[in-house]
Amino acid sequence: MAEMGSKGVTAGKIASNVQKKLTRAQEKVLQKLGKADETKDEQFEQCVQNFNKQLTEGTRLQKDLRTYLASVKAMHEASKKLNECLQEVYEPDWPGRDEANKIAENNDLLWLDYHQKLVDQALLTMDTYLGQFPDIKSRIAKRGRKLVDYDSARHHYESLQTAKKKDEAKIAKPVSLLEKAAPQWCQGKLQAHLVAQTNLLRNQAEEELIKAQKVFEEMNVDLQEELPSLWNSRVGFYVNTFQSIAGLEENFHKEMSKLNQNLNDVLVGLEKQNGSNTFTVKAQPSDNAPAKGNSPSPPPDGSPAATPEIRVNHEPEPATTPGAALPKSPSQSSLPAVVVETFPATVNGTVEGSSGPGRLDLPPGFMFKVQAQHDYTATDTDELQLKAGDVVLVIPFQNPEEQDEGWLMGVKESDWNQHKELEKCRGVFPENFTERVQ
């Protein structure tokens, strides 16, 4: 019996829920068709728009934060592999091996600590912040359903109120066939029954309206208070989140900088004991000149503008004797006869062995001459376009801090002789595309 009773209650609830859904659906259709008015609350609708925007922004921030953490983890792995490579190539008898290994261990620990603190202080806080949105979103949807129930109950009660006058007319003048056929003494009882039935329906509708209004208003009041408060809380949350990330990143880079400086000191010690200041760099092929932070490589061997090995020496090279023969240009390497071109030396801006008409006024700050050994195509407006054989007068940079390693400032000798305008003619060029001739 208990089981049947339980089943009966369950069936009753199901039937009640189905009836509510049908009533709501009917009410929404009438509202869309304009046959029933809808309760509007513009202030609450604005709060809902703010809520949806806040949820979208928070979800995006959470996604980007997870992407950032994934990137930190990837950088950690890359840094770890790089340090492992250094440990493998660092031979046991080299000085500073133990220090280098210790630096690698500290580097690994620093990455792990940084990642974990980002998870604890940013990601978990982000998850907690977003955790409150699903419940509020569900309550907003439920409030919408209760509002439809309230409107439906209100319209039903209003329709019964409108029919009240018709009921009073029935009492004054019976219109139904049943009333006409009934004896005179029975008609009064039928009229009273109809009035009582109508009043009962009206009372039930009124009770349902009051109940629906109470449920709706309770949910509405709560959300009217919570949504603005949640919207205003976003500012403090964003500030705390990004302050935590910025602070953690700042401390991480400070500690990493110390480790990098220590590693640099170890490598400097290795260079002093085992290294030589002179080493040979084999020229590599390059189709496009790189940024001026690195000197571009000349064309590869076997090309029309082949280059010999480049000798890099930290000590200054001795100046060549004025009037000395220049090395042959790369384009002459395949010729059977060597063609040597010589350039007259200059002393205090005057070409030796020449008179007044041959005087050469050198640009201010002139240091030395170089000759282009290969063609160089300028990739920026501040660069010189060079052809093999061009002579360039090298001058100092106006701001030494602007000079990039492997680049010189100068003016082509032909342009200077023709225009004598330093501002229009000067430019930078890669040093390893040229050879010093004076």
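User: In this predicted model, what is the bridge partner of Val-370 in β9?

Analyst: Arg-436 is the partner.

User: What makes β5 and β9 a pair?

Analyst: DSSP has to find at least two bridges between two strands. β5 and β9 have 3, in the antiparallel sense, so they pass that cut-off.

User: And what joins β5 to β6?

Analyst: There, 4 bridges do the job, and the strands run antiparallel. One example is Lys-369, whose bridge partner in β6 is Leu-393.

User: Why is β8 called an edge strand?

Analyst: The open sheet has 5 strands in the order β8-β7-β6-β5-β9, paired antiparallel. Residues 427–430 make up β8, and 434–436 make up β9; each of these strands pairs on one side only. For β8, the antiparallel pairing with β7 runs over 4 bridges, and Leu-408 stands opposite Phe-429 there. From one strand to the next, the twist averages 50 degrees.

User: How do you know which faces of β5 are covered?

Analyst: Look at both sides: Phe-368, Val-370 and Ala-372 are buried on one, Lys-369 and Gln-371 on the other. That fits the count for the strand, 5 of 5 residues buried.

User: Why is Cys-47 called buried?

Analyst: Buried means under 20% relative accessible area. Cys-47 comes in at 11%, so the label applies. Cys-425 is at 9%, so it counts as buried too.

User: How many disulfides does the structure hold?

Analyst: The count is 0. To qualify, a pair of cysteine sulfur atoms has to lie within 2.5 Å, so a count of 0 says that no pair here meets that cut-off.

Note on methods:
Residues are numbered from 1 along each chain as its sequence is written. This is a predicted model: local features need pLDDT of at least 70, side-chain atom pairs count only at pLDDT 80 or more; totals for chains, interfaces and linings use all residues. Side-chain values use heavy atoms; hydrogens and water are left out. Helices (H or I, at least four residues) and strands (E, at least two) are DSSP runs, numbered from the N terminus. Axes are lines fitted to C-alpha atoms, for helices over the stretch in contact, and angles run from 0 to 180 degrees between N-to-C directions. Buried means under 20% relative accessible area, exposed over 50%, partly exposed in between (1.4 Å probe, protein chains only).
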